Number of protein chains: 2
Amino acid sequence: MHSDSPALVTLADIRAAAQRIDDLVLRTPVIEVPHPEDPDRTLLCKAESLQPTGAFKLRGAYNAIVQVIDTARENGIVAQSSGNHARAVAWVARRLGLDAVIVMPEAAPQPKIDAVRALGARVDVVPNSQRDERAAQFVTERGSAHIPPYDDERIIAGQGTIGLELLEQVTDVEVILVPISGGGLISGIATAVKSLRPEVKVIGVEPELAADAQQSLRSGERATWDVLDTYRTIADGLRTPSLGERTWPHVRRYVDDIVTVSEEQILDAVRHLAIAGRLVAEPSGAVTTAAWLTQELPAGKTVAIISGGSTDPALLARILESPRL
Amino acid sequence: MHSDSPALVTLADIRAAAQRIDDLVLRTPVIEVPHPEDPDRTLLCKAESLQPTGAFKLRGAYNAIVQVIDTARENGIVAQSSGNHARAVAWVARRLGLDAVIVMPEAAPQPKIDAVRALGARVDVVPNSQRDERAAQFVTERGSAHIPPYDDERIIAGQGTIGLELLEQVTDVEVILVPISGGGLISGIATAVKSLRPEVKVIGVEPELAADAQQSLRSGERATWDVLDTYRTIADGLRTPSLGERTWPHVRRYVDDIVTVSEEQILDAVRHLAIAGRLVAEPSGAVTTAAWLTQELPAGKTVAIISGGSTDPALLARILESPRL
């Protein structure tokens with residue numbers, strides 16, 4: 001570690017988060033999904049898709065909001081996101097009676113904008129390039145509490161509670177597969193798991209079309225891909241062009257390997273989870289299952305994190321119908 | 001109660017079942033599903049669709065098999081079913097290394113036959129009218145243990161474990177919605193719930209097109225519908241033409257009311273569960289959500305049992321695509 005690296009999130013931070021978020025966050029179940037060709041081989045899927053907001057993002061967002069609750073009560077909260085983080089922040093704000101502004105890019109699909117509005121949040125639609133600036137403006141002008149999507153210790157600690165739960169639920173786990181994009185989810189889980197059970201393998205999974213994290217881990221330097229490249233993948237939750245400044249040291253220290261999957265493999269996995277696991281997963285949430293079905297991985301009892309299930313119904317229908325799948 | 005009625009299943013029977021089946025049965029999660037028009041109104045869905053066999057049937061089947069395990073080890077087990085019970089029996093047989101024969105009707109869809117065969121069970125396909133006879137033949141000729149689908153105290157007690165779990169998971173539940181067909185599921189749940197919390201309402205839900213149970217409860221006499229009528233509903237798990245001899249006394253004693261839903265309402269509910277709850281439900285499993293969305297029900301905190309999720313992918317795709325829904 002470089003001496004100027006920020007301090008890493010600790011097991012104690014994650015345990016504190018678990019206590020903080022317990023009342024609104026679901027202890028998600030671990031579902032057995034059989035292999036299509038061998039009923040004796042099963043993947044254990046920790047279904048974060050079943051959180052009330054449809055994704056794991058609720059954990060980190062809520063853990064961060066609780067820690068700035070006085071500011072939030074007085075001056076509201078602000079977040080920039082077009083996806084599951086937006087929904088998580090808006091949902092917590094509604095439950096706690098907070099004023100929330102979500103800054104969304106013009107390119108955000110209308111159903112996602114509508115879903116956040118339906119939760120009572122104010123949506124501020126801006127050109128993609130102005131998102132960070134606009135969010136910062138709410139902080140300086142109104143004193144709103146900013147809730148970042150991933151590159152933040154409170155967010156990492158919140159997502160890490162998944163690791164604590166799964167070690168209790170699957171005491172003999174040997175391999176854990178985690179979607180990776182900005183790195184908040186895997187940083188938290190890997191910190192929890194490696195602190196308690198260093199021999200358990202933690203493997204990141206990302207689309208071939210957005211493989212900046214694999215490149216970073218293998219080269220030892222944080223890589224940034226062009227968003228014109230990362231936006232090619234259908235896994236819209238995994239298009240972040242680089243790991244974060246705060247997540248990267250966690251990934252470098254704790255993650256054993258990162259593997260990639262193709263677009264076709266992702267769609268096959270969405271279908272398999274729906275039929276064999278009765279789980280609606282979004283493409284980003286299905287990459288871990290895709291890796292288990294197709295990639296060479298360390299042997300042993302394997303848990304896949306199904307990170308979310310916010311799927312467009314028309315896309316899901318198309319995936320289910322495809323005769324190839 | 002008539003003096004010649006068989007003894008009812010007791011809370012102690014259900015508690016014993018819970019201990020017996022704990023190692024293979026999932027303590028299914030309770031998922032919050034919001035109302036489409038009001039995010040503050042939520043239905044709590046107990047997702048039996050997430051059992052490793054895709055439906056609650058695993059509970060009763062396993063509870064029955066454990067109690068005849070010596071016979072089962074020596075002479076195998078036999079069951080007649082074309083649906084979720086078949087899969088549950090075959091799955092338990094595989095886990096326990098038992099020899100299983102599943103008698104299925106000629107009309108059973110090929111994918112269901114294949115799924116049972118993939119689990120290693122022997123499938124015996126016979127004309128629909130000969131199913132019971134053929135199963136009985138295995139019992140007399142081979143001494144196989146017969147595992148009935150619903151009209152049996154061990155099955156009722158096994159399904160009743162859902163009631164114990166949900167009272168622990170949702171301590172302030174006021175209304176419980178349960179799919180009803182042969183009556184095994186609701187008999188078990190209602191026995192557990194009314195024994196512990198008699199003020200909680202237990203409401204059965206069935207398709208309008210197979211409303212023999214509603215007719216029975218309202219008239220006080222067990223009604224039988226023609227299968228040519230009950231087979232009109234898309235909810236293929238709810239086509240049993242009458243309550244069972246053993247389930248009927250439980251239903252009459254413990255169930256508060258039975259409501260019905262239309263075919264269109266069932267399909268709408270399948271779609272809503274997939275999109276708003278990230279749960280793949282089969283039509284039979286979605287009738288309770290359909291009732292919550294459309295019927296007048298007692299007020300209060302409501303739990304819906306989502307009984308299963310074994311859906312044909314093409315049907316699910318069609319439901320997701322329908323612009324009307």
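How many residues do chain B and chain A each bring to their contact? Chain B gives 24 residues and chain A gives 25, where two residues are in contact if their C-beta atoms, placed from the backbone, lie within 7 Å. This is a predicted model: local features need pLDDT of at least 70, side-chain atom pairs count only at pLDDT 80 or more, and totals for chains, interfaces and linings use all residues. Residues are numbered from 1 along each chain as its sequence is written, while chains are lettered from A and ligands numbered from 1 in the order in which they are written.

**Where the chains meet**
- On the side of chain B that touches chain A, β1 (30-35), α12 (263-277) and α14 (313-321) of chain B each give two or more residues; helices (H or I, at least four residues) and strands (E, at least two) are DSSP runs, numbered from the N terminus.
- The largest share there, six residues, belongs to α14(B).
- That side of chain B has 17 nonpolar, three polar and four charged residues. Here Ala, Val, Leu, Ile, Met, Phe, Trp, Tyr, Cys and Pro count as nonpolar, Asp, Glu, Lys and Arg as charged, and the others, Gly among them, as polar.

**Inside chain A**
- Chain A splits into domain 1 (11-55 + 153-321) and domain 2 (58-146), with bounds from an automatic or database domain assignment.
- Their centres, taken over C-alpha atoms, are 24 Å apart.
- Where these domains touch, domain 1 of chain A puts in 22 residues and domain 2 of chain A puts in 14.
- On the domain 1 side, α7(A) supplies the largest share, seven residues.
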